[in-house]
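Biologist: I want the labels justified, one by one. Please show me the model first.

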Amino acid sequence: MRATTIHGTRDVRVEDVPDPAIRRPTDAIVKIAAGCVCGSDLWPYRGENPIQAGSTIGHECIGVVEEVGAEVRDFRPGDFVIVPFCTCDNSCPHCLAGVQSACVNLGMTASGQGEYALVGQADGSLVATDGVPDPELFPSLLALSDVMPTGWHAAVSAGVTAGGSVVVVGDGAVGLCGVLAASVMGAETIIAMSRHESRQQLASAFGATHIVAERGREGAKAVKEITGGVGADAVLECVGTDDSMGAAFAVARPGAMVGFVGVPHGVELPVRKMFQKNVGLRGGIAPVRRYLPDLLDLVVAGRIDPGRVFDLTLPLEEAPEAYRAMDERRAIKVLLQP
């Protein structure tokens, strides 16, 4: 099959790789209808994460079940499914506690930017749609494989409540989905921190009531002015850098919670400030399977349209350009069509 592979810093290619094969009786093979590039894929692309040269990359996809293992009971060839980026059995003690991203049988989708994906723990991981959906829904369904549940997890972790105030740090696809999540949850004041006009516009369309372009002390000052000098009730940290984490704690009111979903890189927590202000931190890898059914209902009902984060669509063979576009911030998120 054709799939995107990574070979070094800013070196991704589309190559022939072996087709996936059922290895365990709980596996399924999915023929990918749409995949995409994630902001977290840019960490290895930029040389920030170690890689195994020549390995496939990409962890978000939707498609049609091609083959199932002998123990798969809930799915059969022909089913259209959403593939969570982190797979789980959905039955271990951690899954039952709502932390499917820490499943004792945890797996990760490895070839989401390809023609086929091998999915472990298929019965626990996959979520089927009602028949084959209209292709117009593909972007929003694809967003449910990672970025929308991750933004939702940030909002849940931060304790977003109806009528409250929220600051979202990060204007990538996850941060924008965090804005959308806060809006659905009924937050009254939603402040998106963004310096890019196209992302500001989408944040506003998703429910942001205010945009703050400033950073550092000026950004914190702007948030304080919007919130009457108090700070935000809930803060969503959707980047993963030391600067973004510092910004999140700077705008949090005393007693607030920071929900973090950005993959941490070089982060040092301001523990003394957390102690002094009674500001907490909660979050981590999103348990996608926990949120997926409810989010799917919202998409199908037309209440949310997270697929709008895809502002560029390219054929799979142009995956290297997809990475360049996101790396250079010419695109928020790129959808790849096999």
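Modeller: This is a predicted model. The structure holds 12 salt bridges.

Biologist: What makes Arg-2 and Asp-16 a salt bridge?

Modeller: Their closest N and O atoms are 3.3 Å apart. The cut-off is 4 Å, so the pair qualifies. Arg-2 sits in strand β1 and Asp-16 in strand β2, 14 residues apart.

Biologist: Why is Asp-16 called exposed?

Modeller: Its relative accessible area is 60%. Exposed means over 50%, so Asp-16 earns the label. Arg-2 has 24% relative accessibility. That value is neither under 20% nor over 50%, so Arg-2 counts as partly exposed.

Biologist: How do you know that Asp-233 and Arg-253 form a salt bridge?

Modeller: The closest N and O atoms lie 3.1 Å apart, and the limit is 4 Å. Asp-233 belongs to strand β14 and Arg-253 to strand β15, so the pair ties together parts 20 residues apart in sequence.

Biologist: Why are Arg-324 and Glu-321 said to be about one helical turn apart?

Modeller: Because they are 3 residues apart in helix α12. Their side chains meet in a salt bridge, at 3.2 Å from N to O. Both also belong to a salt-bridge network with Glu-328 and Arg-330.

Biologist: What makes β2 and β4 edge strands?

Modeller: Each pairs on one side only. The open sheet runs in the order β2-β1-β4, with antiparallel pairing. Strands β1 and β2 pair over 6 bridges. At least two are needed, so they count as paired. Helix α12 packs on this sheet, touching β1 and β2.

Key: Residues numbered from 1 in each chain as written. Predicted model: local features only at pLDDT ≥ 70, side-chain atom pairs only at ≥ 80, totals over all residues. Heavy atoms only, no water. Helix = DSSP H or I, 4+ residues; strand = E, 2+ residues; numbered from the N terminus. Contact = heavy atoms within 4.5 Å. Axes fitted to C-alpha atoms, helices over the stretch in contact; angles between N-to-C directions. Buried < 20%, exposed > 50% of the residue type's maximum accessible area, 1.4 Å probe, protein only.
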